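Good morning, colleagues. I shall present one structure today, moving from a single lysine to the ligand site and then to the charged pairs. Please have the sequence and the model in view.

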Amino acid sequence: MSLRLYIRTGIDGIDSMLEGQGIPRGYVVLILGSPGCGKTTLGIQFLYNGVVKFGENGILVLLEEDPEIVKSNMLRFGWDLEELENEKKIAIIDASPIRFITKNVKLGEEIIGSKEFQLISLIERIKKESERINAKRLVIDSLSTFILQYPREVERREAILNLIRGIAPLNCTTLLVSELRYSSTERKYQIEEYVAQGVIVLQRLLRVGGIVHILTIEKMRGVNHDIQPRPFKITQNGIVVFPSEVVF
Ligand SMILES: Nc1ncnc2c1ncn2[C@@H]1O[C@H](COP(=O)(O)OP(=O)(O)OP(=O)(O)O)[C@@H](O)[C@H]1O
Ligand SMILES: [Mg+2]
């Protein structure tokens, strides 16, 4: 059986903004958003839908949050990650300890820096889990503290590229979550945006009627996607996007 060329997020509003087809299979898409805007929810909804709607297994890499807390928060949306873990449909990697390796490490005869070692170990763990559960989807949440270790832009770009190169052979369609560091519309682009094949931005806007959440597909190479910002809500069923509504 040949795999579909596109992979639907299962969030109807987003898929319809992507020509009704979704994300080209194998892409690395950056999910950029302000704090508390729903990045983690979006990522996990993508994985959950993968399993329950499309029969595709997925990996969740948590670099910042405690898996137990994330699992219990996601139960509020009715998503039982633990059950899917037990059924080997979802694998959760608690990668926060990796960040605390601060000393250089000896790999065979070679001494490598702690940052390089962190990256290699992370990629190795993802690879192992991907083989174990035959994953088609991957979410890494979040890149923010990982890339803060690289204050110089050249190194930062190199580290993100190395991560992407490392996970590329797994052929998983990947969402890389990262914090939006500049929130005005005149914002400076972040290095991650140039490196990813797609970028989806989640933001909060103050309007006369109150706060609105907006989702913008900033780029998706090779897809004639909607370029307008569209409102979205975080509901008891997760994220719901309104693809025909306009934000003024
Ligand atoms: N059960 C729920 N029903 C509706 N909205 C919820 C529910 N649970 C959380 N929310 C909303 O979702 C927001 C958090 O979403 P999420 O954790 O996905 O955001 P995030 O962008 O990952 O945040 P952070 O920047 O802290 O990582 C909360 O601030 C709250 O507004
Ligand atoms: Mg989060």
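**A lysine, a ligand and the salt bridges**

Lys-136 lies in strand β8, which spans residues 135–141; helices (H or I, at least four residues) and strands (E, at least two) are DSSP runs, numbered from the N terminus. Before I continue, please note that this is a predicted model, in which local features need pLDDT of at least 70, side-chain atom pairs count only at pLDDT 80 or more, and totals for chains, interfaces and linings use all residues. Residues are numbered from 1 along each chain as its sequence is written, chains are lettered from A and ligands numbered from 1 in the order in which they are written, and side-chain values use heavy atoms, with hydrogens and water left out.

Lys-136 is buried, where buried means under 20% relative accessible area, exposed over 50%, and partly exposed in between (1.4 Å probe, protein chains only). Lys-136 nevertheless has no salt bridge, a salt bridge being a side-chain nitrogen of Lys or Arg within 4 Å of a carboxyl oxygen of Asp or Glu. What is the nearest side chain of opposite charge to Lys-136? That side chain is Glu-56, 7.0 Å away. Here Lys and Arg count as positive and Asp and Glu as negative, while His and the chain ends are not counted. The side chain of Lys-136 does make a polar contact of 3.0 Å with that of Asn-134. A polar contact is a pair of N or O atoms within 3.5 Å; within protein, one must be able to donate a hydrogen and the other to accept it, and residues adjacent in sequence count only if both atoms are side-chain atoms.

I turn now to ligand 1. The residues around ligand 1 include Ser-34, Lys-39, Arg-76 and Thr-235, with a residue counted as near if one of its heavy atoms lies within 4 Å. Oxygen atoms of ligand 1 lie 2.7 Å from an N or O atom in the side chain of Thr-40 and 2.5 Å from one in the side chain of Thr-41. Taken alone, ligand 1 exposes 650 Å², of which the protein buries 60%; these areas come from the Shrake-Rupley method with a 1.4 Å probe, and for residues only the protein chains shown count as cover. Two elements, α2 (39–54) and β12 (230–235), give two or more residues to the shell around ligand 1. Of the elements, α2 gives the most, with three residues.

Next, the charged pairs. How many salt bridges does a search of the whole structure find? It finds ten. In one of them, Lys-71 meets Glu-85 at 2.9 Å, N to O. Lys-71 lies in helix α3 (residues 67–75) and Glu-85 in helix α4 (residues 81–86), so the pair ties together parts that are 14 residues apart in sequence. Lys-71 is buried, at 10% relative accessibility, whereas Glu-85 is partly exposed, at 23%. Both residues belong to a network of salt bridges that links them with Glu-68 and Glu-82.

A further salt bridge joins Arg-132 and Glu-129 at 2.7 Å, N to O. Both residues lie in helix α5 (residues 114–133), three residues apart, about one turn of the helix. Arg-132 is partly exposed at 43% relative accessibility, and Glu-129 is buried at 16%.

I close with Ile-227, in the loop between β11 (210–220) and β12. Ile-227 is exposed, with a relative accessible area of 59%. Ile-227 and Leu-18 are 209 residues apart in sequence and 9.7 Å apart in space, C-alpha to C-alpha.
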